[in-house]
Amino acid sequence: MTTAPEQERPIGFGRLKRKEDPRFIRGQGNYVDDIVLPGMLHGAILRSPVAHARIVSVDTSEAAAHPKVRAVITGADLEPLNLAWMPTLSSDTQSVLATDKVRFQGQEVAFVVADDRYAARDALELIRVEYDILDPVIDPHHALDEGAPVIRDDLEGKTDNHIFDWESGDADACDRVFAGADVVVIQDMVYPRVHPAPLETCGAVADYDQVTGKLTLYETTQAPHAHRTLYAIVAGIPEHKIRVISPDIGGGFGGKVGIYPGYVCAVVGSIVTGKPVKWVEDRSENLISTAFARDYHMTGEIAATSDGTILAVRTKVLADHGAHNGTAQPTKYPAGFFHVFTGSYDLQAAHCKVTGVYTNKAPGGVAYACSFRVTEAVYLVERMVDVLAAELDMDPAELRMRNLIQPDQFPYTTKTGWEYDSGDYPTTLRKALDLAGYEDLRREQAERRERRVRTSEASGGGPGVREPLMGIGVGFFTEAVGAGPRRHMDILGLGMADSSEVRVHPTGKAVVRLSVQTQGQGHETTFAQIVSEELGIPPEDIDVVHGDTDQTPFGLGTYGSRSTPVSGAAVAITSRKVRDKARSIAAGMLEVSADDLEWEKGRFFVKGDPDSARTIADIAMAAHGAADLPDGMEGSLEAITTYNPPNLTYPFGAYVCVVDIDPTTGETKVRRFVAVDDCGTRINPMIIEGQVHGGLADGVGMALMEIIDFDEFGNCLGGSFMDYLMPTAMEVPDWETDFTVTPSPHHPIGAKGVGESATVGSPPVIMNAVVDALSVHGVRHIDMPATPSKVWEAIHTATADER
Amino acid sequence: MDVTLSVNGIEYQRDVEPRMLLVHFLRDELGLTGTHWGCDTSNCGTCVVLIDGEPVKSCTTLAAMTVGHDVLTVEGLEQDGRLDPVQQGFMEEHGLQCGFCTPGMMLTARALLDANPDPSTDEIREAISGQLCRCTGYATIVRSIRWAAERGAGGNGAGPAAGDRTEAQEQEVGS
Amino acid sequence: MQVPAPFEYARATSLEHALELLAGHGEDARIIAGGHSLLPMMKLRLVRPELVIDINDCADLDHIVEDGDTLRIGALTRHAALLASDTIARLVPMITDAERVIADPVVRNRGTIGGSLCQADPGEDLSTVCDAMSSTVVIRGRDGERTVPMGDFHRGPYETAVEPDEILTEIRIPLRPGAGSAYEKVERRVGDWAIAAAGVAVWMRNGTIDDVGIGLTAVGLDDGLATAAQDAVRGREPDEDLYAEAGKLAAEQCDPVDDQRGSATYKRHLTAELTTRALRRAVERARAARTA
């Protein structure tokens, strides 16, 4: 169905309204909780109220006797089936339902299946669990203390809470450079635990057919194929008997990548009852038990010359992983892509060491648009650059401009082994500064500061000076996305390649089948646009199929902004294969050689004779028709590609943020946010802008209000939307965005991906602005979230954070 | 208990538990799954419907309490095959991504425009401040509602008006 | 989503009917009006009434009436109505200020002043407003009606003077000449409870503050009024030094705790700042009303 008159929409790249919108604006989306199957039952999970305890007993008899309850399952029931524990995406194990101990508040202990969702909730209250409370490990800095309680005593031989140590870069080179540097600055900083919190919580409908042995599993998953393979391995159901379907997903942001115990319980529930079982978590379950993000405790050091040449960056990190190592990232990278912390600068040396530890909290760490820890890396380096700028008394924009990697240095190999594909960083930074009116902003800030001093002197020690504190933050980020080459990147042994199929029907319409999974990014539009660009078929004539493992080729799914870099490449190459075949068929139709043909989007014609044109539709009909085809050619017009990317892609951007802080209340208002992004070739500017806007709002959230905190007993303090605060329309400005384009040289259409760029780039920029505002009070750093209380305390503390 | 509700102009009668929340009545009893739910504490607003023309969080009211009142859900916005200008605006201005907050946002927009046909962007932001979106960053939602405001109440089903904003042509090198 | 435990539902056709239903069930019954305080607690199963009595049809409880020297607000009056009311804005702008920052626009369509007062959350704004305005509340039982001053209405967090078989029906705010009022609140984000808030009402005469009410929100002030600050302000001519002094005294009298909203030190400071601002604005409004 066309959403606009034909001549108003692009055939190929450009601003195209979304093909998926018509169902959503009618409330006809099909999300997991919308799915109703005949005889369907409802599941609910009983969760541990305590952070660390031995399970003494679990009595489900009263629950089982409830007239509407069909099954009650515990860890003890799952154990003989080998299902009580399951592998995590980091090759650790996690309880499906607790057997020996509970290891975080909110951990799954029992699963009830009942006739309706209300009865299932009632039944939870009838289960009696006796806990023997143990001391919890909450502060990661004490996780490795001598005598600290051992959380993972389920792991053979485990005597501590250590998970891994990981390094990248050259420690010796760093030592030398730091030793000889004019200026060295050190700064502790925390990237607090936050949560992707998509508005749709996680859930599944499991439908196990006892007769055919086929499991159909509707799931909120960003990686349906990976899930299918993992269920086959874990549950022992043959892979060809599993069908995973991601219907419409109400936001993922990396929180819907892993396999959660609730999904497994739904599957078991269906097997046990012989009926479909729906399990959808409530919001508190989502916040306290599903994949959190970040929780990196970092110490950064930066070395420079006294005139502002950055020489080296090094960092030590303590990574709080929760009670199980459940991070989703490629196997060889336990700290994800954190080693991209060298940032956008030409350094002489770099080194990082990351230590991962267990604590009695929910597992996770990689989620919320982090691009596998790139959020942490960019935060580290962009805050360090600002701390250095303050130390040197140098303008932070100027400091960055002096040290950015130059265009002629690309492809650029960083000191930690990344090969950045392309970029013209100075142009992008200049553009952001111009759009922001940077010099005018600094002038305004200077005037305000002068006025503040005058007012303060004039009032002679009277009531607090009321002039708002204006802060300007600058940041530049380089992302590393599009994982990745299969020899370097796999998840649980599955290489990170993705596939696509393109088929043109006899009447010239087409279908493209993807292995990635949209959760709002607009794949039904953008991937049609890629095919459209290559084949000239109008986007409304191209059906995009995704989310059903029975209907799509294999791939690792959507996260880490990989859809466009990997699957987009696959689709482009597949479309070109189709075009190449179409050329041969057209040559046969026109009785010329293929070299004599010219291509003009949508049609081939004999060079110099436009009237001879044969459209893709003509060619498709001929392919399926009765006339002879060239020798050896089969009568169809389709192709399939599995794309193994040669490298990651490196979108980048320059951001400027202006904040105004009320010094008497500590309230921070984001006045302006300017974002100039470079994601290479732009498929749909409208969708790109939307992705950037969403990420910028994430930044405001993390910088000013989002945190999952715990008390000393391990009680989660961020378990509802009353406590886990996210921005509304009132807390964000009208975004100002622009772009530059430096295509990726190794990507078939030069596109780099953009989904997580703004989430990565914005938090340090906002914090740079906040610190800039507070610098008149001698504040050098303040950790996120910069709540009113924290800001006020920073202003009024006798000593600012000095380390 | 017997609950008879008027939803989108149609009377529905069901026998439900007194504790059934309006959102579940709409979704599970009536199959109108366009109204969503996303939290436990009345914060997210994905459950917003109009009751007697006013936005209400349907997760925080009982079906029983709604007897005798008129409910409008997202399914009721389209009339006789013609989309409400709010629905069109959201498509025109990319006011949705995952679509989960969208029904609630559109209904609040509808109620706002009924009361205030030419709201400022500040007024729009205030009107939707009880509803969260994790995808769009809100700017396109504001633009979508402004689009509908500019098209007026009579524009049901019409395409983009003349003088719609022009788009920049994409260049190979943007700088 | 979390859902309430089972209960029976009855819809009251009148106040008398509601009281009758209450009488039969006592502690096991709860009144529901807007439901935005009660239902969230019931969904978390912190509260499990056997019977929920819907009083939304009791239209006689929904009114805003300027009745001589008393402003009478029905307990069932919605936050949205209070916010939109010109009468309120003219007579008690502190209510308008508060309503602007109570919950969010959608919740305000349903939540009522009576519901908010009876929930008695320490972060609840209208309790502070009613304290500062020396309001009385009208409570009805089967035996009749009684009026209770706000000071006696508060019994502690989540506890009020309304007995299980009674219903709050009206809030009465005395109207005196020379009035000005304001409410100042800081929250972490729209819709959150206050980190701290101050509601100040003044009544001016001949250029001095004849009487004053200073209420605080969410900072542990047990009986609701910053009496030391009030005493310091009463009878004085307003100026910046007085505003600052009131703020200082209010901060000394409150007893905030460290929590996720902020440190106690910060909240104490905020109390001072917001009291100062609210007092300043209340005086400005009193002066403007006089010259209008």
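**Exercise 1. Find how far apart the centres of domain 1 and domain 3 of chain C lie, and place both domains along the chain.**

Solution. Taken over C-alpha atoms, the centres of domain 1 of chain C and domain 3 of chain C are separated by 35 Å. Keep in mind that this is a predicted model. Next, look up the bounds: the assignment of chain C gives domain 1 as 8–54 and domain 3 as 180–287, with domain 2 at 62–172.

**Exercise 2. Describe the side of chain C that touches chain A.**

Solution. Start with the counts: 19 residues of chain C and 21 residues of chain A take part in the contact. Then ask which elements of chain C give two or more residues: they are helix H11 (240–253) and helix H12 (264–291) of chain C. H12(C) gives the most, with four residues. Finally, sort the residues on the chain C side by character: nine are nonpolar, five polar and five charged.

**Exercise 3. Work out the strand order of the four-stranded open sheet in chain A, and explain why E21(A) and E33(A) each have one side without a neighbour.**

Solution. First, the order is E21-E31-E32-E33 in chain A, with mixed pairing. Strand E21 (469–478) and strand E33 (736–739) of chain A are at the edges with a single partner strand each, so one side of each lacks a neighbour in the sheet. On average, neighbouring strands are turned by 15 degrees against each other, direction ignored.

Now zoom in on one pair: E21(A) and strand E31 (residues 652–661) of chain A run antiparallel over ten bridges. Here A:Gly473 stands opposite A:Cys657 in E31(A). Last, add the helix: H11 (residues 425–436) of chain A packs on the sheet, touching E21, E31, E32 and E33 of chain A. The direction of H11(A) makes about 30 degrees with that of E31(A).

Terms used. Residues are numbered from 1 along each chain as its sequence is written. Chains are lettered from A and ligands numbered from 1 in the order in which they are written. This is a predicted model: local features need pLDDT of at least 70, side-chain atom pairs count only at pLDDT 80 or more; totals for chains, interfaces and linings use all residues. Two residues are in contact if their C-beta atoms, placed from the backbone, lie within 7 Å. Ala, Val, Leu, Ile, Met, Phe, Trp, Tyr, Cys and Pro count as nonpolar, Asp, Glu, Lys and Arg as charged, and the others, Gly among them, as polar. Domain bounds come from an automatic or database domain assignment. Two strands pair if DSSP finds at least two bridges between them. Axes are lines fitted to C-alpha atoms, for helices over the stretch in contact, and angles run from 0 to 180 degrees between N-to-C directions.
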